[in-house]
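Please describe the strand pairing, the ligand site and the unusual backbone geometry of this protein model in a short report.

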Amino acid sequence: MKINLISDTVTKPTQGMLEAMMSAEVGDDVFKEDPSVNQLEDKIASMFGMESALFFPSGTMANQTAIKLQTQPGEQLICDKYSHIYNYEGGGVSFNSGVSCRLIDGDRGMITANQVKDAINPPDFYHSPLTTLVSIENTTNKGGGACWDFEELKAIREVCDQHSLKYHLDGARLWNALVAKSETTQQYGALFHTISVCLSKGLGCPVGSVLVGSKETIQRAIRVRKIFGGGMRQAGFLAAAGIYALDNHIDRLAEDHKKAKEISTLLASLPYIKSVAPTETNIVIFEIDEQQRSLEDFLNSLKQNDIHIIGMGQGKLRIVTHLDYTDKMHNAFMGIIPQL
Ligand SMILES: *Cc1c(COP(=O)(O)O)cnc(C)c1O
C-alpha cells in the first residue's frame, strides 16, 4: 500500500466530486458565461462577505494577480522570509510586478504588527522603495501549518490603514486555520483587501484557486488573469468540484489535523528525531538527529515501506496529511514507524 504524504495536493477527486463534475452545467467562462464558475465565484464571495471573486487555475496565479493589482514597479511589499510568494512562486513578485520583498524574520512564518511598522520605508525618503503592500500566509506552509493569532492580524491591518498599505492574505490553507481555530470566513473577509484560497489542497479538488476582493479589484483582476494566460473556457467542470468541496470537505479537515497530531507525537517519542515543530493543522515538520541515525538511512527505510515524504531543505522533513490518507493508511503508518 503506497502511503503518499508529500503534500495535500496529491488527492484525487472522490466519487461524489466526480459526479458533481460530470453533471456540471458549463459555458465559456472567458465570456463569463459558465454558470458553474459564476456560481462558485458568487458562493465564495458571499462566504467571505466580499463583493466579488474570480476563479484561477492556480494559487500562484491568484497571489501574483493580487500583487500585480496592488503595487507598481519599483515598490516594495512586506512579507515573512518563509512566504510562498517569495520562495515558491518562481520569482514572480519581481518578474510580474517589478516589486521587491522586504523579508521579515518571523516566528514559523508569522510576523507582528510592530515588525511590519518597522519595515515600512518612510514615503518621503525617495531613496528607498515605496512600501505599498503587506502579504501574510495562513496557515503558513514552510512554517509547518501554523495558524495566526487573529488579534495580531487585526493589529497589522491597523498599521496598514495608518500607512495606506494594501493587505493580502495568501490563504492557500486558510480552510485548515478556520477549522483549527473555529474562525469564520466572514472575519477574514472583513480584514483583508484581497484573499486567495486554494481548492486543490486540503479540499481535494483536482485544480483551482479563487481570489476574493472588492468589485473594482476583481474587475481589474480579470484583465491580469487574461494577461497571465489564465482565462479558461468550460472551466465549470472544475468549478463544480470546488462547489462540492466547499459543501462537503471543510469540516472533515479536523480528521487530517488529528492524524497529523498523532504522527507528531509519535515522531517526538523516537530517539533519533531531534525536533518536531508544533503541529496545529495538517503539516508536520521534523528533523533527524544525524548523530543517532543518518537522514539517508531513514529515508531509505521509509521508501522500502512505500511511504513517501518530502525534504524542506536544511535537514528538515515534511509530512502532510490529506483526504486520501485513509484511516487504514494511518494505522499502517503508525505501526511501521516505531519499527523502522
Ligand atoms: C500551494 C500554495 C500556494 C499555491 O500553489 P499552486 O501550486 O500554485 O496552486 C500558495 N501559497 C501557499 C502557502 C501554498 O501552500
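Helices (H or I, at least four residues) and strands (E, at least two) are DSSP runs, numbered from the N terminus. Two strands pair if DSSP finds at least two bridges between them. The model is predicted, so local features need pLDDT of at least 70 and side-chain atom pairs count only at pLDDT 80 or more, while totals for chains, interfaces and linings use all residues. Residues are numbered from 1 along each chain as its sequence is written, and side-chain values use heavy atoms, with hydrogens and water left out.

**The sheet of 4 strands**

Strand 9 and strand 10 form a hairpin, with 6 residues between them. Strand 9 covers residues 273-276 and strand 10 residues 283-288; their pairing is antiparallel, over 3 bridges. Within this pair, Ser275 stands opposite Glu287 of strand 10. Both strands belong to an open sheet of 4 strands in the order 9-10-13-12, with antiparallel pairing. Strand 9 and strand 12 (310-313) are at the edges with a single partner strand each, so one side of each has no neighbour in the sheet. On average, neighbouring strands of this sheet are turned by 35 degrees against each other, direction ignored. For such angles, axes are lines fitted to C-alpha atoms, for helices over the stretch in contact, and the angles run from 0 to 180 degrees between N-to-C directions.

**The sheet of 7 strands**

A second open sheet has 7 strands in the order 2-8-7-6-5-3-4, and its pairing is mixed. Strand 2 (52-56) and strand 4 (100-104) are the edge strands, each pairing on one side only. Here the average turn between neighbouring strands is 20 degrees, direction ignored. Strand 6 (residues 166-171) and strand 7 (residues 194-198) run parallel and are joined by 4 bridges. Asp170 stands opposite Ser196 in strand 7.

**The ligand site**

Asp170 is also one of the residues that surround the ligand; among the others are Ser58, Thr60, Glu89, Arg173 and Lys201. A residue is counted as near a molecule if one of its heavy atoms lies within 4 Å of it. Helix 3 (residues 59-69) gives the largest share of this shell, 3 residues. The table lists polar contacts of the ligand (pairs of N or O atoms within 3.5 Å).

| Side chain (N or O atom) | Ligand atom | Distance |
|---|---|---|
| His84 | nitrogen | 3.5 Å |
| Asn141 | oxygen | 3.0 Å |
| Asp170 | nitrogen | 2.6 Å |

Taken alone, the ligand exposes 380 Å², of which the protein buries 83%. These areas come from the Shrake-Rupley method with a 1.4 Å probe.

**Backbone geometry**

Most residues other than glycine have a negative phi, and most peptide bonds are trans. Which peptide bond is cis, with omega near -5 degrees? It is the bond from Asn138 to Thr139. Thr139 lies in the loop between strand 5 (131-137) and helix 7 (150-162). Lys32 has a positive phi, near 60 degrees, and is a residue other than glycine. The loop that holds Lys32 runs between helix 1 (15-22) and helix 2 (35-48).

Conventions
Polar contact = N/O pair within 3.5 Å; in protein donor to acceptor, adjacent residues only side chain to side chain.
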